Amino acid sequence: VGADRVADAISLATQIPTFLAASSELTPARSQMAFTLGFHIVLASLGVAFPAMMLIANYIGLRRNDADALELAQRWSKVAAVTFAVGAVTGTVLSFEFGLLWPAFMDRFGEVFGVSFVIEGLFFFLEAIFIAIYIFGWKRLSGWAHFWTGVPIVICGIGGAFSVVAVNSWMNQPDGFALGANGQVTNVDPLDAIFNRATAYEVPHMILAAYLVTGFLIASVYAVGMLRGRRDRHHRLGLLIPLTVAAIVTPIQFVVGDTAARSIADDQPVKFAAMECVQTTHRDVTEYLGGRCTSSGIKGGIGIPGLDSWLVGFSTDTKVTGLDSVPPSDRPPANTMLHWAFDAMVGICTLLIGLGLWLGLAWWRRRDTFPSRWFLRATAVSGVAAILALECGWIVTEVGRQPWVVYEFMRTKQAVTGASGVWVTFSIVLLVYTGLAIATVLVLRTLAHRWRTEEIAEGEVPYGPREAAPLPAAAPPTGGSS
Amino acid sequence: LSTADAVAGVLWAGATLYAVFGGADFGAGFWALFAGRGQHGERARGLIDWAIGPVWEANHVWLIFMLVVLWTAFSVAFSSIMSTLFIPLSLAALGIVLRGSGFAFHNVARRLRNRRLAEQAFGLSSLLTPFFMGTVVGAVASGRVPIGNAQGDAVTSWLNAVSLLTGALFVATGAYLSAVFLISDARRYGDPDLERYFTARALGAALAAGAIAVAGIFVFRADARYIYDGLTSEGLPLVILSAVCGIGVLALLWRGERRGTRPLAIGAVVAVIWGWGVAQYPYLLPESLTIKEGAGASETLNGVLIVFGVAVVLVLPALGFLYVLSQRSLLEGEGEAPQAVRPPGS
């Protein structure tokens, strides 16, 4: 009997590869794409917004002759060097994956949206060049010259984000082409593809998200440090610069996001219906917070009658399109997850606005003893919360677009590769990226530890030795007005 | 020449720049991998870090540039190549991740064990990534990539003599270019010992690359006939130019001359790449898809050319600025500034 069992097990095991090869590559391909994009989006956000924080610190340092701010900028540039390198390679993987996982999509539509990526390539090139000059320029370039080599990084980060997100917008609101009699692409207009309907709200939403996530994430690191008793000026600056940026950005993001949601109700009504679990088209639609999406509407959750209609058209009388407007095969999957992701994103953004107000209030009322422990605790969790909101927003965009890769033009299952073995590559990707995430965090912690414990080595002073002399040894009193 | 030909030329120019600068960075990783743990090896690795640290990321962008131009202007070729050659391209992507992160991490890693791990990830993937890229190029050259979604053989398309040989040639060429560049870098670094060290390696790599190229004549004649015929007819002047440049480098290195080796080595690589391009013309995928057939809409092609024009105006000067700063030793990483470039009094 034992031998039989072993034989059974072996025969079962030998069937696994056949099973994996025979099953569709769609699920692993979507999983791999979602995972690698979800990973890269955090690094890309840092790539877009971190240089701006770095330059603000650099500017303060140069302008006020502030050694602490300069040192902070220098340390941040070393952190940026690591996250930029990891972001560059995870971004390269995505370029490969377009062809490895979705060749039929690229084959058919590459010529329509591709120019936007060529523009992105241009921005990425300039970014890579100037970030190298900035990171390696601390010792030998003069202060302001060095500062100015950093400015193109910020501009190119925003430009690159625009170009990439414009393509995602295009997938949601395809434009700039027509389909011929046999379904072939004709009348291509790259500019119309870039400036599609969704670009207007998706691009600013993502760029602001990058600043928001980066701001709260960096601030949270320094908040943790301050909670552990490190209340030097370094930590105060490290907390205040990114947190101020994030606090300014968050309310703007709320308005942009609200506009985006309303536009989606117009442009992609089925996506919106899935986000809010609206099963049938009707007026006076209840807005639910949380709850479980079923075929007869939301179960559980907190319902606010009429609010959903009001949010879409500023009147409870507004008609909201339901999922029943299209056949089941055209509806997004996982509606409960979509609904939760949307609620979580909006909820976190609301809380983060609260944190920003708290910052303003605390600052205005008692700038001497600021910040309190509870404020620091809130800030300490804001980084992870902001990343969570980012991922939720990405899930809403991507899962909400399903089953389409190009909205109403091409289904995701039509786009997938005919190659087999995506389960294998997805497994490897999971392992390697987990290792990559751990290594990145460890490396950044090592840097932080080194900065805390070691004296600044000779030759590590910014703009030394030529500019080292005029810098005061200790931080000048600035009255905390940074 | 049509607009599509012009875009193919842009793509080929990107491939050339990637082969020269990206290839040399891969080669640097190759030398780091085989430098050994002795005091000499550590010094060689220090030089490599110092030399490629500021520039490798910018050099890597040429790969992205090639990918985006290919999928935008020639999307059929892109999707055919990426789907049939799923395995070597997945491995190349894996190599790119390990290489970039390995390099970014190794200087920061505190424990020796972690540093070694990062160095090995960098070195090994610097060897494997260009190899797999070479097998992909070999697969295309030998006509093993049919049009369509994964229509070619998943394994034999890249596991064949032409692919393996091209892979080896890519590795050897990168190592050769890198060694030649590192001779000059060693001089800037103020280390005559390392100058001799890399002169020997440049000679070795030049001979290895030459030997592989000669073997390639036979392998290509047997299995990549279209390219072989092109290389021995329209492409022949460029092949000869490449050989002359290569022999010139050998002669200079042998006599201990450093001046002129870099342009000649670059010339050898550029000439053979363009010889190949001439040989493959007018095909994107030899004998199944021409540039004209594979080209996207003319508006798209014009868009690519316009963006490329802007890139020439903006990126090339910036890249030149980076190289000049780097070559004048104005860019410095952590601590280990070498004697030769250390400013007085520091």
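A cavity is a set of grid points where a 1.4 Å probe fits but cannot get out. The exercises below apply this and related ideas to a predicted model.

**Exercise 1. Determine how much space lies in the second largest cavity, and which residues line the second largest cavity.**

Solution. Begin with the count: the structure holds three cavities of 30 Å³ or more. In the second largest cavity there is about 70 Å³ of space. Its lining consists of Y18(B), G22(B), D25(B), F26(B), W56(B), N59(B), H60(B), I96(B) and R99(B). Next, assign the lining to elements: helix 1 (3–33), helix 3 and helix 5 (86–106) of chain B each supply at least two residues, and helix 1 of chain B provides the largest share, four residues. Finally, sort the lining by class, which yields four nonpolar, three polar and two charged residues.

**Exercise 2. Describe the second largest pocket by its volume, its lining and the elements that contribute to the lining.**

Solution. The volume comes to about 1,400 Å³. The lining is made of 40 residues, and those that lie nearest the centre of the pocket are V221(A), V441(A), L444(A), R445(A) and A448(A). Two or more lining residues are given by each of helix 2 (26–63), helix 3 (67–101), helix 7 (199–227), helix 8 (233–267), helix 12 (373–401) and helix 14 (422–453) of chain A. Among these, helix 14 of chain A gives the most, with 10 residues. Divided by class, the lining of this pocket has 22 nonpolar, nine polar and nine charged residues.

**Exercise 3. Work out how helix 3 and helix 4 of chain B pack, and which residues make the contact.**

Solution. Start from the geometry: helix 3 (residues 56–73) and helix 4 (residues 75–84) of chain B have axes 5 Å apart and pack at an angle of about 120 degrees. Then list the residues that make the contact, which are L67(B), L70(B), W71(B) and A73(B) from helix 3 of chain B, together with S75(B), A77(B), F78(B) and I81(B) from helix 4 of chain B. The classes of these contact residues are seven nonpolar, one polar and no charged.

**Exercise 4. Characterise the interface of chain A and chain B by its contacts, its buried area and its salt bridges.**

Solution. In contact across the interface are 67 residues of chain A and 66 residues of chain B. The size of an interface is often given as the accessible area lost when the parts come together. Here the area buried between chain A and chain B is about 5,800 Å², and carbon and sulfur atoms give 76% of that area. On the side of chain A, F125(A), F136(A) and R140(A) supply 14% of the area that chain A buries against chain B, which is more than any other three residues. For salt bridges, where a side-chain nitrogen of Lys or Arg must lie within 4 Å of a carboxyl oxygen of Asp or Glu, the rule finds zero across the interface of chain A and chain B.

**Exercise 5. Locate the cis peptide bonds at P403(A) and P282(B), and the positive phi of C277(A).**

Solution. Most residues other than glycine have a negative phi, and most peptide bonds are trans. In chain A, a cis peptide bond with omega of about 5 degrees joins Q402(A) and P403(A), and P403(A) has its place in the loop between helix 12 and strand 7 (404–406). In chain B, the bond that joins Y281(B) and P282(B) is cis, with omega about 5 degrees, and P282(B) is found in the loop between helix 11 (261–280) and strand 1 (283–285). Lastly, C277(A) is not a glycine, although its phi is positive at about 55 degrees; C277(A) is in the loop between helix 9 (269–276) and strand 3 (287–289) of chain A.

Note on methods. Residues are numbered from 1 along each chain as its sequence is written. Chains are lettered from A and ligands numbered from 1 in the order in which they are written. This is a predicted model: local features need pLDDT of at least 70, side-chain atom pairs count only at pLDDT 80 or more; totals for chains, interfaces and linings use all residues. Side-chain values use heavy atoms; hydrogens and water are left out. On a 1 Å grid over the protein atoms alone, a cavity is a set of points where a 1.4 Å probe fits but cannot get out, and a pocket is an open set with protein on both sides within 12 Å along at least five of seven lines; lining residues have an atom within 4 Å of a point. Grid points are joined across faces, edges and corners, and a volume is the space filled by probe spheres set on the points. Ala, Val, Leu, Ile, Met, Phe, Trp, Tyr, Cys and Pro count as nonpolar, Asp, Glu, Lys and Arg as charged, and the others, Gly among them, as polar. Axes are lines fitted to C-alpha atoms, for helices over the stretch in contact, and angles run from 0 to 180 degrees between N-to-C directions. Contact means heavy atoms within 4.5 Å. Buried area is the accessible area (1.4 Å probe) that two parts lose on being put together, summed over both.
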